[in-house]
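Let's take a walk through this small protein together, with its sequence and model on screen. We will go from the overall layout to single residues.

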Amino acid sequence: MAKYSFKCADTGQNCAFETKASTKEELMPLIANHAKTAHNMTEISPEVMEKVNSVIKKSFF
Ligand SMILES: [Zn+2]
């Protein structure tokens, strides 16, 4: 099964947060929640969303 993983540091933040989920649909809310609680981003701008999407890694483990 594919796994999608996200590292906050890959977006340029000085932050150790990382998370993973089996689908992108599950991963996105986890990232959004982290952005809100840790980085005070109450909404995700298209620019941030694009950056997030570009650093999400897909693996098969
Ligand atoms: Zn972070």
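## Layout of the chain

Helices and strands here are DSSP runs, numbered from the N terminus: a helix has at least four residues (H or I), and a strand at least two (E). With that in hand, the predicted model reads as β-β-α-α-β from the N terminus on. In total the protein has 2 helices and 3 strands.

How compact is the protein for its 61 residues? Its radius of gyration is 11 Å, while the globule rule gives 10 Å for this length; the two are close, so the protein is as compact as a globular protein of 61 residues. The C-alpha trace spans about 35 × 20 × 20 Å along its principal axes. Buried residues account for 7% of the 61 residues. If you like contact statistics, take the contacts between residues at least 6 apart in sequence: 38% of these join residues at least 24 apart.

## The sheet

The strands form an open sheet of 3 strands in the order 2-1-3, with antiparallel pairing. Strand 2 (18-21) and strand 3 (57-59) are the edge strands, each pairing on one side only. From one strand to the next, the twist averages 25 degrees.

Let's look at the two pairings in turn. Strand 1 (residues 3-7) and strand 2 run antiparallel and are joined by 4 bridges. Within this pairing, Lys 7 stands opposite Glu 18 in strand 2. Strand 1 also runs antiparallel to strand 3, and here 3 bridges join the two. Ser 5 is the residue that stands opposite Lys 57 in strand 3.

## Two residues of strand 1

Ser 5 has its place in strand 1. Leaving aside neighbours within four places in sequence, Ser 5 is in contact with Glu 18, Lys 20, Lys 57 and Ser 59. Is Ser 5 buried, exposed or partly exposed? There are 16 other C-beta atoms within 10 Å of Ser 5, so it is classed as partly exposed, since that class lies between 12 or fewer for exposed and 20 or more for buried. Ser 5 and Lys 24 are 19 residues apart along the chain, and their C-alpha atoms are separated by 8.8 Å.

Phe 6 is also found in strand 1. This residue has 22 other C-beta atoms within 10 Å, so Phe 6 counts as buried. Which residues does Phe 6 contact, leaving aside its neighbours within four places in sequence? The list is Glu 18, Thr 19, Leu 27, Ile 31, Val 52, Val 55 and Ile 56. For a distance across the fold, take Phe 6 and Ala 35: they are 29 residues apart in sequence and 12 Å apart in space, C-alpha to C-alpha.

## Helix 1 and its packing

Helix 1 comprises residues 24-39 and packs on the sheet, touching strand 1 and strand 2. The direction of helix 1 makes about 155 degrees with that of strand 2. You can check the length of helix 1 with a little arithmetic: at 1.5 Å a residue, its 16 residues should span 22 Å, and the end C-alpha atoms are 21 Å apart, so the two values agree.

Leu 30 gives a closer view of helix 1, where it has its place. Not counting residues up to four places away in sequence, Leu 30 touches Thr 19 and Ala 21. The C-alpha atoms of Leu 30 and Thr 19 are separated by 7.4 Å, with the two residues 11 apart along the chain. Is Leu 30 buried, exposed or partly exposed? With 15 other C-beta atoms within 10 Å, Leu 30 is partly exposed.

## After helix 1

Which residue takes a positive phi just after helix 1? That is Asn 40, with a value of about 55 degrees, and Asn 40 is not a glycine. Asn 40 has its place in the loop between helix 1 and helix 2 (46-55).

The surroundings of Asn 40 are worth a quick look too. Within 10 Å of Asn 40 there are 7 other C-beta atoms, so this residue is exposed.

Terms used:
Residues numbered from 1 in each chain as written. Predicted model: local features only at pLDDT ≥ 70, side-chain atom pairs only at ≥ 80, totals over all residues. Pairing = 2+ DSSP bridges. Axes fitted to C-alpha atoms, helices over the stretch in contact; angles between N-to-C directions. Contact = placed C-beta atoms within 7 Å. Rg over C-alpha atoms; globule rule 2.2 N^0.38 Å. Expected span 1.5 Å × (residues − 1).
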